[in-house]
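I opened this file to look up a few local features and to place them within the overall fold. My notes follow in the order in which I went through them.

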Amino acid sequence: MASAGIEHDLSDGAQASAPPKSRTARRPRAKTGPVAVLKPSPSGDGRRTSARAATRIAISTGGGDAPGLNAVIRAAVLSAADLGWETYGIMRGLHGLLGEDEVVSLTRESVRGIGHLGGTILRTSRGNPFHWPSRQPDGTLVDVDRSDELIANFRALGLDALVTVGGDGSLAVAQRLHEKGLKVVAVPKTIDNDVSGTVTTFGFDTAVGVAVEAIDRLHTTAESHDRVMVLEVMGREAGFIALHAGAAGSADVVLIPEIPYDVEKVCEKIMARDRAGRKFSIVVVAEGAHPKGGAASVVGPSAPGQPKRVGGIADALAQEIQERTGKETRSLVLGHLQRGGVPTSYDRLLATRFGAAAVHAIHEEKWGHMVALQSPNIVTVPIVEVLKRPKRVDPSHDTVRAARATGVSFGD
Ligand code: F6P
């Protein structure tokens, strides 16, 4: 039986003065040598044979990116190489397994020097193979279940196991693929820190650091102008970034989805400070925060099959605060700055531990499990357990109590 083949695409390995081809930008960096693209075997069955003894694992990154993804990829590739295994990268989420992008070889060489880089060399997407938008002859988009095709392609490529790195959406897909027989191990990823079963996710520490730096900078300008500054941070359903950054950055008001606010209470806090001679205030608001009895502010329609895009709360809130208090109020949205750039050392280390642990989990045949931090150890937990209850800020948690004790108002 023929095994799946690897074609060496020399175009990306071209040396010297040839102008870079546009495809190069879509590929993991290979500093030397060609990028090897994995192709299905002619027989359509890439099962392991004596001619192809090495275990082949694949890795994909899905959902919004998070600083530390490259450190996961690097650690997984190097750990697998140590075991004599081969690693392949699925490009652009799961697109590479549906013929809409490539599956490329990842070697020690191709992950050299990426551990400190933000983003993901594999690119990412939010595509769900169980609800894949498919353009119909009449131009309309219809959701199609392409999971069987994905699994067939995976096997035809001779791949043995998949490491999927993603948040709740990717984990739900991983669980369903696992139930259909695919050998899957997951790595949790989200800057929002809203995945259960793990103390934290990589990317969160970096995002909080970016937000704290913004709060520090806003303090000096707010104080100079006697202004109220409203900073909107990410956190669609969970307010961890706002809470941690607000508490660490000594914000005056922190608004999170888990504690609906009363704008009157927010203004009371600002005016109490004003009367005490503190003429400025810093309000940190999670994008998904909402008033009591109200809903989160939504920014336009979302793409088909995608979660709704929340945001715009900072601007609306700033206007309301200004009207109610008479104090000059400005707003800004920190947005994707929280997701981009260099991961902190904490995130790099956690991501490295997760990447290595994922390979270990494959070695242990922990199919349908997610690697997780349960301090001080990295453990594995069934994905199905993780999905039972999303992680949210507990309003009675000591971080919330500490914030309140140090003067933070939650507007409740
Ligand atoms: O990664 C999760 C998250 O950061 C949410 O807090 C936010 O709503 C969302 O991503 C925005 O992502 P995008 O702009 O890529 O759709």
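The entries below go from the whole chain to a helix pair and then to two single residues.

**Whole protein**

I noted before anything else that this is a predicted model. I counted secondary structure and found 11 helices and 15 strands in the protein. I then looked up burial, and buried residues make up 51% of the 412 residues. For the surface I recorded an accessible area of about 17800 Å², of which 52% belongs to carbon and sulfur atoms. Turning to contacts with a sequence separation of 6 or more, I found that 73% of them join residues 24 or more positions apart.

**Helices α6 and α11**

I wanted to know at what angle α6 and α11 pack. Helix α6, residues 240-248, packs against helix α11, residues 398-405, at an angle of about 40°, and their axes are 10 Å apart. I entered the crossing of the two helices as left-handed. On the α6 side I listed Leu243, His244 and Ala247, which meet Thr399, Val400 and Ala403 on the α11 side. Sorted by class, this contact has 4 nonpolar and 2 polar residues, and no charged ones.

**Thr325**

I next looked up Thr325, which lies in helix α8, a helix that spans residues 313-325. Is Thr325 buried or exposed? Its relative accessibility is 14%, and because the cut-off for buried is under 20%, I entered Thr325 as buried. I then checked which backbone atoms lie close to polar atoms of the Thr325 side chain, and found the backbone oxygen of Ile321 at 2.7 Å. On the other side in sequence, the backbone nitrogen of Lys327 lies 3.0 Å from a polar atom of the Thr325 side chain. Once neighbours within four places in sequence are set aside, Thr325 is in contact with Cys267 and Met271.

**Glu100**

My last entry concerns Glu100, which I located in the loop between strand β4, residues 86-90, and strand β5, residues 103-106. Its relative accessible area is 35%, which falls between the 20% and 50% cut-offs, and therefore I put Glu100 down as partly exposed. Which residues does Glu100 touch when those up to four places away in sequence are not counted? I wrote down Arg92, His95, Trp132 and Arg146 as the residues that Glu100 touches on that basis.

Note on methods:
Residues are numbered from 1 along each chain as its sequence is written. This is a predicted model: local features need pLDDT of at least 70, side-chain atom pairs count only at pLDDT 80 or more; totals for chains, interfaces and linings use all residues. Side-chain values use heavy atoms; hydrogens and water are left out. Helices (H or I, at least four residues) and strands (E, at least two) are DSSP runs, numbered from the N terminus. Buried means under 20% relative accessible area, exposed over 50%, partly exposed in between (1.4 Å probe, protein chains only). A polar contact is a pair of N or O atoms within 3.5 Å; within protein, one must be able to donate a hydrogen and the other to accept it, and residues adjacent in sequence count only if both atoms are side-chain atoms. Contact means heavy atoms within 4.5 Å. Accessible areas come from the Shrake-Rupley method with a 1.4 Å probe; for residues, only the protein chains shown count as cover. Axes are lines fitted to C-alpha atoms, for helices over the stretch in contact, and angles run from 0 to 180 degrees between N-to-C directions. A crossing is left-handed if the near helix is turned anticlockwise from the far one by less than a right angle, and right-handed if clockwise. Ala, Val, Leu, Ile, Met, Phe, Trp, Tyr, Cys and Pro count as nonpolar, Asp, Glu, Lys and Arg as charged, and the others, Gly among them, as polar.
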